[in-house]
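Visitor: Put it up on the screen, please, and give me the ground rules before I start asking things.

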Amino acid sequence: MPDGALSDLKIIELSEMVAGPFCTKVMADLGAEVIKIESPRNGDPARQRGPFPHAQPHPERSALFLYLNTNKRGVTLDVHKPEGARVFRDLLKDADILVETWKPGTLAALGLGYENLKSLNPRLIVASLTPFGQAGPYKDYKAYDLNCYQFSVLGYETPFNQVTDPATQPPLKAAGEQADFLAGWTTATAIMCAVHWRHLTGEGQHLDMAEIETAANMIRPNYPVYYGERPDGPNRTRLSKRQEWGLPWVWPCRDGYVAILAITDKHWAALKALLGQPEWMDDELFNSPMGRFMHADVIKSLLETWLAEHDRDEVYRNGQALHLPIFPVQSLTEVMATRHFREREFFIPQEIPTAGPVLLPGPPFKMSLTPWSLRRPAPRLGQHNAEVYSGLGVGLGELARLQEQGVI
Amino acid sequence: MTRLPLEGIRVADFGWILAVPHATAWLGVMGAEVIKIESMQRLDLIRLLSQLPDRPFDLDGSMYFNSLNFGKKSVTLNLGHPQGVALAKEIIRHSDIVTENFTVGNMKKWGLSYDELCQIKPDLIMLSGTPLGQFGSESQCVGWGPHTQAYAGMCHLTGYPNGAPSGLGGTWPDFMIGVVMAYAVLSALHYRRRTGKGQYIDLAMAEVVMSMLPEGFADYNMNGHDRNRRGNRDDLMVPHNVYRCAGNDQWAAIAVNNEDEWRALCQTLEHAEWLVDSRFKDQPSRKAHEEILDALVESWTLQRSPTEVMYSLQAVGMAATPVLNTEGLCTDPQFQQRNYTVAIDHPVTGAIPAAGIPGLYSALPKEDLQYTAAPRLGQHNDEVLGGLLGLSAAEIARLKEEQVVC
């Protein structure tokens, strides 16, 4: 087994669904030892979410759960019960990191807040990830991915520069759970900052992560533009937003769509060459980035007319040959068939019960010395109870008793 | 004085535009010395965008650039000149990390490939971020972050039902990928602290996007189901949408995940009869009648502002939030109480609030983090070339004259 970049870190996960589990997954994928705690009754609700093989729901066959929890071990534990809390403290004694996504104050009410855990293990890094963070007027509010994406202005700007009628085109969320996945990446990054601080000081700390903030981080240019612009500036409505960037990114062709972004003079020259140097593109209105922003609507209609008579892949190939930033809009079928990703061995077969090995996304970046590895499949509910708890000195008899009492 | 996590770590940063600059902003704020290597020949294009209104154009006056490059130094080296490359190598000799997001092959062309740089700095960590990665049949393709989401399947899956595929808000996925780049570098640095070994990171932006679409790929590979666009709707949750509210272009996002939330919705909207309506008796039935249900919910939200919708529904334990626009974001009390923005005084633009680095760290108060003003173009030439590399003032003057430093 190759050494992982993070294989000296031990993480306890008290979290469910997407954001928290994805955070610990990306760390487990780099070698960290992750123990996932699930509630003894039904476990992580992600087990109830599909897709499932043949669309037949089953708690051990959720592809979402299996993807998010590979490389982890799993135990069941009811932390609300006093004995459960004791076992939880035992687990944290030699852990490096706790990732928890419970409502603010819940763990503290059980005597398991950061201050309690710090006296137990001063080196422990605790990352608390919730929609709105640990303090403030909305801290106890509920929010799912839809809410976080829409609350952070990302929805207001999707579809990007394609809104023509705000009345019939509401703010739009991205496919899947993008705010949740992003919160996972961002929390893992913040944890690594705390790990480096611990290298210097030997001390842990508490991270207060708010999903609305990790999402708003994506529209960071909006802040200075808002504070710096005139009161009648371009950011006020979704329609006038277009003035800021000029053209949309996604364009219809004869047989599909392409994404084009031709902002610089160099890109504009490449686009001209792609279109066969039409006369209209030589107009001095378009000879600077600012001019093209100002007259985006003229460009849009002429470019659309041309694209409607050309095929997607031809436009992509010819555009790239001219160094124009242009890519086809691919369906998942097409992505899976893309030779490039096969050559990079991006998709990795992962075992899903009754479906067999299923190709799922693998390493999002390749590290030359510590390659991504798939060490173990996601745990079945409570799969590692005996292994993990015996490591804490819990005997077989006690294990049975704890199970009977619903602690594990 | 608080010690910062990356004190003593130096980054030679060739990154430009958005993704890598966002990654190195994290590193700089966390205490690394980030030396941004740029030049007039190869200007970071973001310096051209978003100037303050009613001011003369200034390469140091871009609010956009300044809100993304705080905590860094700027050195201007002409990489088209052999001496420029030699100076870049000298900076790398004194650095721990190199970051770059040029088209594949550019660093090699300049003699700055990872293999060559390891000759002068054996434990170097280097990250290259490109649309499709360093190898593979399409790796030469040029593109920006927003294109990679098209190639990765994200745009195909995002959009209104029966509508066109859509680009995502902001400049997704650039900033998101910047976070992942910072994570990759911090992980490699952790490994180096343990083993003394550096390594190379090949990051493909499209693959980061794909790692966040597991359900679509699983559904296709298990069931042959090629998903399409579904607006704001969810596989299971219902109602799950944005609803028009009172006012112009005002919206609220509401998601109902379980029976408790459904009962709370019916009671708050004063439609207890929905609880016994056979069309809505369980989640699959409600899913089958989603259009009708959405219209009923919207007839309630239309009478209220987005914040009223939030207060009413959150009070009964439901996930309901306004859809914020930029103004809402900048005035919302939750964001304000978290002090997410930082106002760093800048000699050209003044102290305009910018988004900080997400998260509050109990041991790292925000005021102690390295939020220094974004550098003016070449601001640190003398400091880095003279101080770090030990060149004399006369040598630096000569390099400027010969357009090596410019």
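Guide: Helices (H or I, at least four residues) and strands (E, at least two) are DSSP runs, numbered from the N terminus. This is a predicted model, where local features need pLDDT of at least 70, side-chain atom pairs count only at pLDDT 80 or more, and totals for chains, interfaces and linings use all residues. Residues are numbered from 1 along each chain as its sequence is written, chains are lettered from A and ligands numbered from 1 in the order in which they are written, and side-chain values use heavy atoms, with hydrogens and water left out.

Visitor: How many helices and strands does chain A have?

Guide: Just count the DSSP runs along the chain. For chain A that gives 18 helices and 12 strands.

Visitor: What share of chain A is buried?

Guide: Buried means under 20% relative accessible area, exposed over 50%, and partly exposed in between (1.4 Å probe, protein chains only). Of the 408 residues in chain A, the buried ones make up 63%.

Visitor: Which helix gives the most to the largest nonpolar core?

Guide: A nonpolar core is a set of buried Ala, Val, Leu, Ile, Met, Phe, Trp, Tyr and Cys residues joined through side-chain atoms within 4.5 Å. The largest one has 169 residues, and Met27(A), Trp185(A), Phe365(A), Met176(B) and Tyr183(B) touch the most other members. With 14 residues, the top contributor is chain B's helix H8 (residues 174-195).

Visitor: Which chain B residue is in contact with Met27(A)?

Guide: Contact means heavy atoms within 4.5 Å. Leaving aside neighbours within four places in sequence, the partners of Met27(A) include Leu6(A), Ile97(A) and Met192(A). From chain B there's Tyr183(B).

Visitor: How many residues of helix H10 of chain B are buried?

Guide: The buried ones include Pro214(B), Phe217(B) and Met222(B). Their cover includes helix H7 (178-201) and strand E10 (347-352) of chain A, together with helix H9 (205-210) of chain B. H10(B) spans residues 214-223, and of its 10 residues the buried count is seven.

Visitor: Is His240(B) buried or exposed?

Guide: His240(B) is found in strand E7 (residues 240-244) of chain B, and its contacts reach into both chains, including Leu146(A), Lys173(A) and Glu290(B). A polar atom of its side chain lies 2.7 Å from the backbone oxygen of Asn232(B), a polar contact being a pair of N or O atoms within 3.5 Å (within protein, one must be able to donate a hydrogen and the other to accept it, and residues adjacent in sequence count only if both atoms are side-chain atoms). Its relative accessibility is 3%, so His240(B) counts as buried.

Visitor: Which strands stand at the edges of the E7-E8-E9 sheet in chain B?

Guide: Two strands pair if DSSP finds at least two bridges between them. Here three strands form an open, antiparallel sheet, and four bridges join strand E8 (residues 251-255) to E9(B). Two of the strands have a single partner each, so one side of each is left without a neighbour in the sheet: E7 and E9 (319-322) of chain B.

Visitor: How many disulfides are there over all chains?

Guide: A disulfide is a pair of cysteine sulfur atoms within 2.5 Å. Cys253(A) has its closest cysteine sulfur in Cys155(B), 13 Å off and therefore too far for a bond, while for Cys266(B) the nearest, that of Cys245(B), is 18 Å away. By this rule the count comes to zero.
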